[in-house]
Amino acid sequence: AAAGAAAPPAAFPAVPVVGGHSGTTIVPLLSRVDAGLAGDDALVHRIQFAGDEVVQAKQGAGSATLSMAHSAGVFVAKLLEARGGGGGVATTAFVDCDFVAEAWPALPGSEGAAAPHCPFFATEVTVGPEGVTAAKGAAEVLEGLSAGEKEMIAAMLPKLAETEQKGLRFQPAPEERPGKL
């Protein structure tokens, strides 16, 4: 570090993130790191829009490609660890699950409303030699979250449903998808 500059912390805490892949569909669970951070709107916004911040820093001449590559590398390392060690490795993934249907009744504003159709959700999972073996259920993920975090999850679900439906329109029909590797 330069003279007089503060050294960065030796290790940054891992912040679990649930939801989607961009903007407000990204819900950082800051209360899992430090309950005092859960209401830090500026930090939440910075996490949600980190990709935009990179594009702005590059003055529109690029994207957060290296960040995405790093995340992919970390995920692949977890898969290889699970494959080599027999499984039981925790990570986060965007998976086909019943999280939203299970969580909806416990979320603010859900009373009397139908749950948004979100077949996919980024959540904490366990991976084994064959891939994802379990996804944390809604009750386990929601337990201990701040009211604000639950509100963020509820508020982002319509946008997540919209982007998922758009993505599914570009997906090949099940019979046209490639088989297992």
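## Residue classes and the second pocket

Ala, Val, Leu, Ile, Met, Phe, Trp, Tyr, Cys and Pro count here as nonpolar, Asp, Glu, Lys and Arg as charged, and the others, Gly among them, as polar. On that division, the lining of the second largest pocket holds 3 nonpolar residues, no polar residue and 1 charged residue. The structure is a predicted model.

The lining of this second largest pocket consists of Phe94, Val95, Asp96 and Phe120. Asp96 is the charged member, because Asp belongs to the charged class. Strand 3 is the main contributor, giving 3 residues to the lining. The volume of the second largest pocket is about 160 Å³.

## The largest pocket

The largest pocket encloses about 1700 Å³ of space. Its lining comprises 38 residues, and those nearest the centre are Val15, Val17, Ile26, Ser67 and Ser71. Five elements each give two or more residues to this lining: helix 1 (41-48), helix 2 (50-57), helix 3 (65-85), strand 3 and strand 4. Helix 3 gives the most, with 8 residues.

By class, the lining of the largest pocket divides into 23 nonpolar, 11 polar and 4 charged residues. Among the residues nearest the centre of the largest pocket, Val15, Val17 and Ile26 are nonpolar, whereas Ser67 and Ser71 are polar, because Val and Ile are listed as nonpolar and Ser falls among the others.

## Strand 4 and its neighbours

Strand 4 covers residues 120-128 and is mostly covered, with 7 of its 9 residues buried. On one side of the pairing scheme is strand 3 (residues 89-96), which runs antiparallel to strand 4 and is joined to it by 8 bridges. Within this pairing, Ala93 has Thr123 of strand 4 as its bridge partner.

Strand 4 is also joined to strand 5 (residues 131-135), again in an antiparallel arrangement, by 4 bridges. Val125 stands opposite Ala135 of strand 5. The two strands, 4 and 5, form a hairpin, and 2 residues lie between them. In a regular strand the side chains alternate between the two faces of the sheet.

Strand 4 recurs in the other sections of this report. Strand 4 is among the elements that line the largest pocket, and it carries one partner of an aromatic pair and one partner of a salt bridge.

## Aromatic pairs

There are 2 aromatic pairs in the structure. In one of them, the rings of Phe99 and Phe121 have centres 4.1 Å apart and planes at 10 degrees, so the pair is stacked. The cut-off for stacking is an angle under 30 degrees between the planes.

This pair connects distant parts of the chain: Phe99 belongs to helix 4 (residues 99-103) and Phe121 to strand 4, 22 residues apart. Phe99 counts as buried because its relative accessibility is 3%. Phe121 also counts as buried, because its relative accessibility is 0%.

## Salt bridges

The structure contains 4 salt bridges. Side chains of opposite charge can pair when their charged atoms come close. Arg46 and Glu53 form one of these contacts, with an N to O distance of 2.7 Å. Glu53 is partly exposed, at a relative accessible area of 33%.

Lys136 and Glu124 form another, with an N to O distance of 3.4 Å. Distant parts of the chain are linked here: Lys136 lies in the loop between strand 5 and helix 5 (138-142), Glu124 lies in strand 4, and the two are 12 residues apart. Glu124 is buried, its relative accessible area being 16%, whereas Lys136 counts as partly exposed at 29% relative accessibility. The cut-off between these two classes is 20% relative accessible area. Glu124 and Lys136 also belong, together with Arg32, to a network of salt bridges.

A further salt bridge joins Glu162 to Lys159, where the closest N and O atoms are 3.8 Å apart. Both residues lie in helix 6 (residues 147-169), and because they are 3 residues apart, about one helical turn separates them. Glu162 is partly exposed, with a relative accessible area of 46%, and Lys159 counts as partly exposed at 41% relative accessibility.

Definitions and conventions. Residues are numbered from 1 along each chain as its sequence is written. This is a predicted model: local features need pLDDT of at least 70, side-chain atom pairs count only at pLDDT 80 or more; totals for chains, interfaces and linings use all residues. Side-chain values use heavy atoms; hydrogens and water are left out. Buried means under 20% relative accessible area, exposed over 50%, partly exposed in between (1.4 Å probe, protein chains only). Two strands pair if DSSP finds at least two bridges between them. On a 1 Å grid over the protein atoms alone, a cavity is a set of points where a 1.4 Å probe fits but cannot get out, and a pocket is an open set with protein on both sides within 12 Å along at least five of seven lines; lining residues have an atom within 4 Å of a point. Grid points are joined across faces, edges and corners, and a volume is the space filled by probe spheres set on the points. Rings of Phe, Tyr and Trp (its six-membered ring) pair if their centres lie within 6.5 Å; planes under 30 degrees apart count as stacked, over 60 as edge-to-face and the rest as tilted. A salt bridge is a side-chain nitrogen of Lys or Arg within 4 Å of a carboxyl oxygen of Asp or Glu.
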